[in-house]
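Colleague: I am new to this structure and would be grateful for a close look at one part, chain A. Please explain how its strands are arranged and what surrounds them.

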Amino acid sequence: MEILVNNINKHFGAFSALKNVDLTIRSGELIALLGPSGSGKTTLLRIIAGLDYADTGTVSFGGVDMAGTPLRERQIGFVFQHYALFKHMTVRENVSFGLSVLPRGKRPQKWLIADRADELLELVQLADLGDRYPHQLSGGQRQRVALARALAIEPKVLLLDEPFGALDAKVRKELRQWLRELHLQTGVTTIFVTHDQEEALELADRVVIMEKGTIAQVDTVDRVYEHPASPFVFDFMGSTNIIPASLHGRELYLDGKLVATLSGSILPGGAVDIYVRPGDLRATGEHSEGVEVMVKSVQRTGPLVRASVTLASNDQPLIVELPHLHHDVPRFREGSRLYLRLMQYSVFPSADRLASRDSVEKPTLIGRERVREALP
Amino acid sequence: MTSMPHSTLARTRGTAFAAARLRSRSALPCSGLGLIVLIPLAGVFFKAATLGPAEIWNIVSSERVLAALKLSFGTALLAALLNAVFGLLVAWVFVRYEFPGKRLFDAAIDLPFALPTAVAGIALTALYAGNGWIGSLLEPLGLKVAYTPLGIVVALTFIGLPFVVRTVEPVLRDAEKEFEEAAASLGARRWQTIWRVILPSILPSLLTGFALAFARGVGEYGSVIFIAGNIPFVSEIAPLLIVIRLEEFNYAAATTVAATMLVVSFAMLLVINVLQAWSNRHSIRHAPTAIKEK
């Protein structure tokens, strides 16, 4: 079922939760709404579901405007963050609920409903727990019951609100894998909300990144990571170092020293910020492109070595991460001075420039470069 | 002791610990309860027992006592039922809606708790008497409230309302909107959601509120005697009958009626408790785990 979200606005009092949101979700897609808390992702999900109403704008399923269709007729499967299982019903009764409230004419016979519930419990691997009550299950099991209950009505769309938010890390990983497989099996158009980048990257076909009630970027998982549309997206997708620089033509300078050279054609020169991930920095010699830094401390964390360094020019702190067996590791000693080469980075107009600009134009990527690591 | 197999040792120790725990847990409340509650209750039975069984039976089965008992329990039950329905509605409105003056109204709900019941009785009588504000409107319709059993129901409903509201309110507040949304998303209509999802989840607390209102209604005296008119066989409640017997220095008869009320009340509350335990079997018992995992 294709979902079309058109120009949605939503206010809670004076707070603007969603601003002119447009979104197209293709049939059968698995989409993640990703963003920090307060970015409007859950509000958007609830509006798509019909649990909330937009001030303006439309939501349509398969080309049909859903404005006049109440929640219970939308045939959506909604999974709540805290599962919302009915406590006074057994697992089987919970799963059967959707079928047992159908109008008398359409309602299957009792044994058919029970069969269907057992089938679904099999699907979520809880076949032998049908007679338990929700309080007798673990968090992960409850979540699977909630999913089975939502699937029982054969939803056209499956919506999940932070489905794994309340679970511990290990169970979360298992369930993610399992949801991915379930989606492959059922092929139901699925939207889930999360604030966990890893979860979104691992599960989703496409990711919708939200920022303060607007959509910052909609893209495939790889493209969001490789081509972030804004400093916000870059920052949100992982840890970030920001190096101020100035752009002249295609060359980036910091204190008169060439830091890097962009390959593509680049627009306006001037003050820029270079965004680079801790893992995309490597040591280099004084005479090649790079930024000069002082090493403050070096720490081994599991398979990684993490070095805290500061820019020689203005003492701004940066973080460098290396695999612990990397040949650069010995060069990071406390107190040493060395040059860092930027292996992969993005360049955005500097925050000052953006702030001083009168228009509220979105900051746009002006260039990104990727350098292949040369073998030693 | 040394020859004792491990399991037996462990078991003995286990039971000893359990017994110690039980002792320490129950000793204090038991002595306190004994002094404050059980001894006076036992006194009622002892005093009543000074009469022979035949005399006791005569008193209990006398028409006036039977009528009074029937009236007391009947009106209390009716009032508690009314309170269960309307208390639930009031609690629902408090939890779910915002309206001007809500806090004032909220405070007013507790008034029957604090008001001397005699004041409530006089106020209600003044309102419902044939020349009162409400009574003068009802009288032409042929509806007499003051000085009839109906008046007793009105007084008991007034007294019992906060019991239901205050017990149901917190549970209703906990019954998150999510459950209703989940039911609706699964295709349930409004009445199906209320009947199959909301009511079962608040039933235990509703029963508690009902039991409290009922118990209060059975024992209520002050507010009733003003509005009831106290006509023997018609609107004379059992507690009043006890007072009348006391004033006649007929202590044995008074305690006999009292003991009868005690037995009947206890039986009814026991039934309500069993119902409560039954409707409670899924929620409270494991509530701590549920909260922890949340």
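Modeller: The account below deals with the strands of chain A and then with two individual residues. The model is predicted, so to speak a calculated one: local features need pLDDT of at least 70, side-chain atom pairs count only at pLDDT 80 or more, and totals for chains, interfaces and linings use all residues. Residues are numbered from 1 along each chain as its sequence is written, chains are lettered from A and ligands numbered from 1 in the order in which they are written, and side-chain values use heavy atoms, with hydrogens and water left out.

In chain A, 4 strands (DSSP runs of E, at least two residues, numbered from the N terminus) make up an open sheet with antiparallel pairing, in the order E2-E1-E4-E5. The edges are held by strand E2 (15-25) and strand E5 (64-65) of chain A; each has a single partner strand, so one side of each is left without a neighbour in the sheet. Strand E1 (residues 3-12) of chain A is paired with E2(A) (pairing requires at least two DSSP bridges), and 7 bridges link these antiparallel strands. Within this pair, Leu4(A) has Thr24(A) in E2(A) as its bridge partner.

A parallel arrangement is found elsewhere in the chain. Strand E6 (residues 76-79) of chain A is covered on both faces. Ile76(A) and Phe78(A) on one side, and Gly77(A) and Val79(A) on the other, are all buried (under 20% relative accessible area, with a 1.4 Å probe and protein chains only). Strand E7 (residues 157-161) of chain A pairs with E6(A) in the parallel sense through 4 bridges. Opposite Ile76(A) stands Val157(A), a residue of E7(A).

Strand E17 (residues 304-311) of chain A contains Val305(A). With a relative accessible area of 8%, Val305(A) is buried. Leu322(A) is 17 residues from Val305(A) along the chain, and 5.2 Å separates the C-alpha atoms of the two.

A charged residue deserves attention as well. Arg144(A) belongs to helix H4 (residues 139-151) of chain A (a DSSP run of H or I, at least four residues). Arg144(A) is buried but has no salt bridge (a side-chain nitrogen of Lys or Arg within 4 Å of a carboxyl oxygen of Asp or Glu). Its nearest side chain of opposite charge, that of Glu174(A), is 6.3 Å away (Lys and Arg count as positive, Asp and Glu as negative; His and the chain ends are not counted). A polar atom of the Arg144(A) side chain does, however, lie 3.1 Å from the backbone oxygen of Val124(A).

Definitions and conventions:
Buried means under 20% relative accessible area, exposed over 50%, partly exposed in between (1.4 Å probe, protein chains only). A polar contact is a pair of N or O atoms within 3.5 Å; within protein, one must be able to donate a hydrogen and the other to accept it, and residues adjacent in sequence count only if both atoms are side-chain atoms.
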